[in-house]
Amino acid sequence: MAVSDDAIAELSEQLPFEDRVVVHTSGGVGGVYDLDKKHRRGVLYPLQSFTKGAELDFANVPMCIETIYKDSYPMLKELALSLGGPIQKVNSDQRRVLHLAAVFVNNFTNQLYRIGHEITESEGGRV
């Protein structure tokens, strides 16, 4: 399920089947336990910011895998490998830390670009 974080729990409850592997792709929510327990819960989290219209090479995107049921891991690993990037098995705490670090690095970099732009603009665009 690649939906907003707020929609994960409700949507997983509404799925009309049980005992199937259901994963979400979020780095920010609590983890596998946000999915309804009628499912074989997991997370397939791409450690990547997505921008509408931007080209993306999944061979360079690390995929983090989390699952409650150990027998679901090989299928999720195969799926992640088919996308081309490196994979890493993580737990909910590790995924949240990775997500926080990635958000900080991405947003801090964007803030630095904004400040740099403001500095050059303050000189009347002469720089």
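**Exercise 1. The pocket lining**

Which element gives the most to the lining of the largest pocket? Work this out on the predicted model, then describe the pocket.

Solution.
Step 1. Start with the volume. The largest pocket has about 330 Å³.
Step 2. Take the lining. It holds 17 residues. Tyr-45, Pro-46, Gln-48, Ser-49 and His-99 are the ones that lie nearest the centre of the pocket.
Step 3. Assign elements. Strand E2 (40–46) and helix H3 (92–122) each supply at least two lining residues.
Step 4. Rank them. H3 gives the most, with 5 residues.
Step 5. Sort by class. The lining has 7 nonpolar, 9 polar and 1 charged residues.

**Exercise 2. Helix H3 from end to end**

Compare the span of H3 with the expected span. Then inspect both ends of the helix.

Solution.
Step 1. Count residues. H3 has 31.
Step 2. Take the C-alpha distance from first to last. H3 reaches 44 Å. At 1.5 Å a residue, 45 Å is expected, so the helix comes close to that span.
Step 3. Look at the N-terminal end. Asn-91 caps H3 there. A side-chain oxygen of Asn-91 lies 3.0 Å from the backbone nitrogen of Asp-93.
Step 4. Look just after the helix. Gly-124 takes a positive phi there, about 70°.

**Exercise 3. The nonpolar core**

List the members of the largest nonpolar core and find where they come from.

Solution.
Step 1. List the members. The core has 8 residues: Val-23, Leu-44, Val-61, Met-63, Ile-65, Tyr-73, Leu-76 and Ala-80.
Step 2. Find the elements that give two or more residues. They are strand E3 (63–67) and helix H2 (73–83).
Step 3. Find the largest share. It comes from H2, with 3 residues.
Step 4. Check one member. Leu-44 sits in strand E2. Its relative accessibility is 7%; the cut-off for buried is under 20%, so Leu-44 counts as buried.
Step 5. Set this in context. In soluble globular proteins, nonpolar side chains tend to be buried together.

**Exercise 4. Two residues to place: Arg-40 and Val-32**

Is Arg-40 buried or exposed? Is Val-32 buried or exposed? Add the neighbours of each residue.

Solution.
Step 1. Place Arg-40. It is found in strand E2.
Step 2. Read its accessible area. At a relative value of 16%, Arg-40 is buried.
Step 3. Find a polar partner. The side chain of Arg-40 makes a polar contact with the side chain of Asp-71, at 2.3 Å.
Step 4. Place Val-32. It lies in the loop between strand E1 (21–24) and E2.
Step 5. Read its accessible area. Val-32 has a relative value of 2%, so it is buried.
Step 6. Take two C-alpha distances. Val-32 and Thr-67 are 35 residues apart along the chain and 6.8 Å apart in space. Leu-44 and Val-32 are 12 residues apart in sequence and 10.0 Å apart, C-alpha to C-alpha.

**Exercise 5. Phi and accessibility of Asp-19**

What is the sign of phi at Asp-19? Locate the residue and classify its accessibility.

Solution.
Step 1. Locate it. Asp-19 is in the loop between helix H1 (8–14) and E1.
Step 2. Read phi. It is near 55°, a positive value in a residue other than glycine.
Step 3. Recall the background. Most residues other than glycine have a negative phi.
Step 4. Classify. Asp-19 has 53% relative accessibility; exposed means over 50%, so the residue counts as exposed.

**Exercise 6. Partly exposed residues**

Classify Met-75 and Tyr-69. Give one C-alpha separation for each.

Solution.
Step 1. Take Met-75. It is found in helix H2, and its relative accessible area of 45% makes it partly exposed.
Step 2. Add its separation. Met-75 and Ala-2 are 73 residues apart in sequence and 18 Å apart in space.
Step 3. Take Tyr-69. It lies in the loop between E3 and H2. At 30% relative accessibility, Tyr-69 also counts as partly exposed.
Step 4. Add its separation. Tyr-69 and His-99 are 30 residues apart along the chain, and their C-alpha atoms are separated by 23 Å. His-99 also lines the largest pocket.

Conventions. Residues are numbered from 1 along each chain as its sequence is written. This is a predicted model: local features need pLDDT of at least 70, side-chain atom pairs count only at pLDDT 80 or more; totals for chains, interfaces and linings use all residues. Side-chain values use heavy atoms; hydrogens and water are left out. On a 1 Å grid over the protein atoms alone, a cavity is a set of points where a 1.4 Å probe fits but cannot get out, and a pocket is an open set with protein on both sides within 12 Å along at least five of seven lines; lining residues have an atom within 4 Å of a point. Grid points are joined across faces, edges and corners, and a volume is the space filled by probe spheres set on the points. Helices (H or I, at least four residues) and strands (E, at least two) are DSSP runs, numbered from the N terminus. Ala, Val, Leu, Ile, Met, Phe, Trp, Tyr, Cys and Pro count as nonpolar, Asp, Glu, Lys and Arg as charged, and the others, Gly among them, as polar. A polar contact is a pair of N or O atoms within 3.5 Å; within protein, one must be able to donate a hydrogen and the other to accept it, and residues adjacent in sequence count only if both atoms are side-chain atoms. A nonpolar core is a set of buried Ala, Val, Leu, Ile, Met, Phe, Trp, Tyr and Cys residues joined through side-chain atoms within 4.5 Å. Buried means under 20% relative accessible area, exposed over 50%, partly exposed in between (1.4 Å probe, protein chains only).
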